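Reader: I have a model open and I don't know where to start. Can we go through it together?
Author: Yes. Put it on the screen and ask as you go.

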Amino acid sequence: MALKATIYKADVQIADLDRQYYQDHALTIARHPSETDERMMVRLLAFLLHAHEHLSFGKGLSTADEPDLWQHDLTGAIACWIDVGLPDERRLSKACGRAERVYVYAYGGRAASVWWEQNAGKLARAERLTVRLLSDDDLATLGRLAQRNMRLQCTIQDGSVWLSDGQHSVPVTPETLLAPRADH
C-alpha cells in the first residue's frame with residue numbers, strides 16, 4: 001500500500017524589501033512520504049524568496065519532469081523553475097532550455113560541497129541559472145519551524161530572510177554560488 005502525502009498549511013505574511021513585494025499567501029504544501037521536514041521547509045523558503053501570484057508547488061519528488069516550484073507566464077511558458085536539493089546537471093541543463101530563469105536551493109553539508117565541486121564548471125555555462133546554498137544551521141532552524149498548520153511572518157532584506165512563527169524568529173541567509181551576470 002502506497003503512503004500518501006502529508007498536507008501542511010502555511011499562512012504567510014511576506015515583506016520582501018528587496019523586490020518591494022508585500023503580500024499574504026495561504027499555502028497548501030504536500031509533503032511526500034520520503035521528504036523530511038527540512039526539505040519541505042526549504043521548498044517553502046524558496047516560495048517566499050520568489051513569491052508571485054503565479055508561483056506554485058510542482059509535484060517535485062513524485063514527478064521527474066516537474067520542479068519543486070514553478071511559475072508560468074500568461075502564455076503558459078515557464079518563467080521560473082526552482083529545484084531543491086542536489087539535482088543532476090543534465091536536469092538543470094534541460095530546465096534552462098525550458099525556463100526563463102532557473103534556481104537551485106542546494107543543501108546537505110559535505111554532500112552539497114561535493115555536488116558543487118563536481119558540477120560548478122558545467123553549471124557556470126548555464127546563462128539562466130542561479131545556485132544558492134543553505135548551511136546545515138539554516139536547514140536545522142527551518143526544520144524546527146515545521147508544523148502541520150503554520151502562521152509565519154517573513155521579512156526579506158539584502159538577500160537575508162527572517163522567519164517568525166510568533167514564538168521563534170530565525171534568520172536564514174542562502175549563499176549565492178552562481179548567478180547570471182544580471183543578478184549580481
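Reader: Which residues in the largest nonpolar core touch the most other members?
Author: Val-12, Leu-44 and Leu-163 do, in a core of 39 residues. Keep in mind that this is a predicted model.

Reader: Which helix gives the most to this core?
Author: Helix 1 does, with nine residues.

Reader: And what does Leu-44 touch, not counting residues up to four places away in sequence?
Author: On that count, Leu-44 touches Val-12, Leu-27, Ile-29, Phe-57, Met-150 and Leu-152.

Reader: What does the second core include?
Author: That core is separate and has 16 residues, among them Ala-95, Ala-99, Leu-129 and Val-131.

Reader: New topic, the sheet. In what order do the five strands come?
Author: The order is 2-1-8-9-10, in an open sheet with mixed pairing. Strand 2, residues 21–31, and strand 10, residues 169–172, are the edges, and each of them pairs on one side only. From one strand to the next, the twist averages 25 degrees.

Reader: What holds paired strands to each other, in general?
Author: Backbone hydrogen bonds, with the strands either parallel or antiparallel.

Reader: So which sense do strand 1 and strand 2 have, parallel or antiparallel?
Author: Antiparallel, over eleven bridges, with strand 1 covering residues 6–16. As one example of a facing pair, Lys-9 is opposite Thr-28 in strand 2.

Reader: Where does helix 1 lie?
Author: Helix 1, residues 37–50, lies across strand 1, strand 2, strand 8 (149–157), strand 9 (160–164) and strand 10. With strand 2 it makes an angle of about 150 degrees.

Reader: Which strands does helix 4 touch?
Author: Helix 4, residues 136–144, packs on the sheet and touches strand 9 and strand 10. Its direction is at about 145 degrees to that of strand 10.

Reader: Stepping back, how many helices and strands are in the protein chain?
Author: Four helices and eleven strands.

Reader: Why call the chain as compact as a globular protein of that length?
Author: Because its radius of gyration is 16 Å, close to the 16 Å that the globule rule gives for 184 residues. The C-alpha atoms fill a box of roughly 45 × 45 × 40 Å along the principal axes.

Reader: What share of the residues counts as buried?
Author: 46% of the 184 residues. As for the surface, the chain exposes about 10000 Å², and carbon and sulfur atoms supply 47% of that.

How values were computed:
Residues numbered from 1 in each chain as written. Predicted model: local features only at pLDDT ≥ 70, side-chain atom pairs only at ≥ 80, totals over all residues. Heavy atoms only, no water. Pairing = 2+ DSSP bridges. Helix = DSSP H or I, 4+ residues; strand = E, 2+ residues; numbered from the N terminus. Axes fitted to C-alpha atoms, helices over the stretch in contact; angles between N-to-C directions. Contact = heavy atoms within 4.5 Å. Rg over C-alpha atoms; globule rule 2.2 N^0.38 Å. Buried < 20%, exposed > 50% of the residue type's maximum accessible area, 1.4 Å probe, protein only. Areas by Shrake-Rupley, 256 points an atom, 1.4 Å probe, with all protein chains shown as cover. Core = buried A, V, L, I, M, F, W, Y, C linked by side-chain atoms within 4.5 Å.
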